Amino acid sequence: MSALHEPLRFDARALLAAERPAKVTLVGAGPGDPELLTLKAARALREAQVVLYDHLVGCEVLDFVPKQAHRIYVGKQSGCHTLSQEAIIELMLRLAHSGRPVLRLKGGDPFIFGRGGEEAQALAQAGVPFEVIPGISAAQGVAASAGIPLTHRDHACTLVMTTGHLRGEGDARTLDLDWALLARPRQTVVIYMGVATLPVICEQLIRHGLAPDTPAAVVERATRPDQRTVDGTLETLPALARIHEVKAPALIVIGAVAQLHAVLAPAAAHAAACCNV
Ligand code: SAH
């Protein structure tokens, strides 16, 4: 007799679920504006049953999720983590093994500074089926909404994306990036999670050969109604960001393309929120 016909000895649903874990979908929520969701992400959100979502996911994106679905906030902000990364992975695996399809919703793109790679590895290792739905990353959101093309034939033929985040509680001066690589000419450098370490980043890039008057901008809350752009140069940007109290989430763009903000920023946003030098 099959396990399904022995209700007294087996919880058949649990058994089936354990044999065949449900699917986990890692979904990129984009940089904030809900209209920047892909069609595929919007469909997955509308069909979701359990959603584990991060700090940077906008509420309007969550509005796509059906009312009856479970929404579980697992956000991590610098110095304030609801759950550790290990605990998030464990929760995701537990839910999948209990037979509930999980939608893991992350800001921007899951595979760009979103630890989606680690989550996908854990799923693969545990034999849990998964799918990744890409999202528009903050760099692309910033490029369009602040008028800063990331590459440009006249200015930059290489794009480097890096993080200014310090592991642990270290002093910003211990930020250990490949400064020589970042200071190469005709290149755009985009820095995620770099507000706290901006002075060190600018100082090191000048020390490694970039001109102090290299254009540089920081774009806060890109694609959201309260987006702000502060632009200056490697020399002036740290002080300007401090004066204007720039806060995360913000992206730093360094290189000649940053000066195009002044001419390409959508006119209304420019007038309302730009703080030029
Ligand atoms: N996976 C995300 C990045 C997560 S790391 C992506 O692909 O965009 C978080 C960092 O992304 C923030 O500290 C900030 O540097 C950047 N970021 C995310 N959303 C942003 C936004 N709307 N405007 C500016 N920067 C943003």
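Leaving aside neighbours within four places in sequence, which residues is Leu123 in contact with? They are Val24, Met92, Leu93, Val128 and Phe130. Leu123 is one stop on this short tour of a predicted model, a protein chain with a bound ligand that the protein buries to 93% of the 540 Å² the ligand exposes when taken alone. Welcome aboard; the notes below go from the whole chain to the ligand and then into the interior.

**The chain as a whole**

- The protein chain has 277 residues, and 48% of them count as buried.
- Its secondary structure comes to eleven helices and 13 strands.
- If we take contacts between residues at least 6 apart in sequence, 68% of them join residues at least 24 apart.
- The accessible surface of the protein chain is about 14,600 Å², and carbon and sulfur atoms account for 56% of that area.

**Around the ligand**

- There are 18 residues around the ligand, and the ones that come nearest are Ile112, Ser137, Ala138, Ala222 and Ala250.
- Sorted by class, this shell holds twelve nonpolar, three polar and three charged residues.
- Two polar contacts involve nitrogen on the ligand side: a ligand nitrogen atom sits 2.6 Å from a polar backbone atom of Ile112, and a ligand nitrogen atom is 2.9 Å from a polar backbone atom of Pro31.
- On the oxygen side, an oxygen atom of the ligand lies 2.7 Å from a backbone N or O atom of Ala250.
- As for cover, the ligand taken alone exposes 540 Å², and 93% of this is buried by the protein.

**Helix α6 and its partners**

- Helix α6 spans residues 138-146, and its buried residues are Ala139, Gly141, Val142, Ala143, Ser145 and Ala146.
- These buried residues pack against five strands and a helix, namely β8 (158-163), β9 (187-192), β10 (215-220), β11 (228-233), β12 (250-254) and α10 (261-264).
- Just after α6 comes Gly147, with a positive phi of about 65°.

**The largest nonpolar core**

- The largest nonpolar core contains 25 residues, and Leu205, Val218 and Ile254 have the most contacts inside it.
- At least two residues of this core come from each of α7 (179-182), β9, α8 (198-207), β10, α9 (237-243) and β12.
- Helix α8 gives the largest share of the core, with four residues.
- Not counting residues up to four places away in sequence, Leu205 touches Trp179, Leu182, Ala183, Leu210, Leu234 and Ile254.

**Two buried residues of helix α5**

- Helix α5 covers residues 116-126 and includes Glu119; Leu123 is found in α5 too.
- Why does Glu119 count as buried? Glu119 counts as buried because its relative accessibility is 0%.
- Apart from neighbours within four places in sequence, Glu119 is in contact with Leu26, Gln85, Ile88, Ile89, Met92, Arg104 and Lys106.
- Leu123 also counts as buried, because its relative accessibility is 0%.
- A handy piece of background: an α-helix has 3.6 residues a turn, so residues three or four places apart point the same way.
- Met92 is listed among the contacts of Glu119 and among those of Leu123.
- The C-alpha atoms of Leu123 and Met92 are separated by 8.7 Å, although the two residues are 31 residues apart along the chain.

Definitions and conventions. Residues numbered from 1 in each chain as written. Predicted model: local features only at pLDDT ≥ 70, side-chain atom pairs only at ≥ 80, totals over all residues. Heavy atoms only, no water. Buried < 20%, exposed > 50% of the residue type's maximum accessible area, 1.4 Å probe, protein only. Contact = heavy atoms within 4.5 Å. Areas by Shrake-Rupley, 256 points an atom, 1.4 Å probe, with all protein chains shown as cover. Near = heavy atom within 4 Å. Polar contact = N/O pair within 3.5 Å; in protein donor to acceptor, adjacent residues only side chain to side chain. Nonpolar A, V, L, I, M, F, W, Y, C, P; charged D, E, K, R; others polar. Core = buried A, V, L, I, M, F, W, Y, C linked by side-chain atoms within 4.5 Å.
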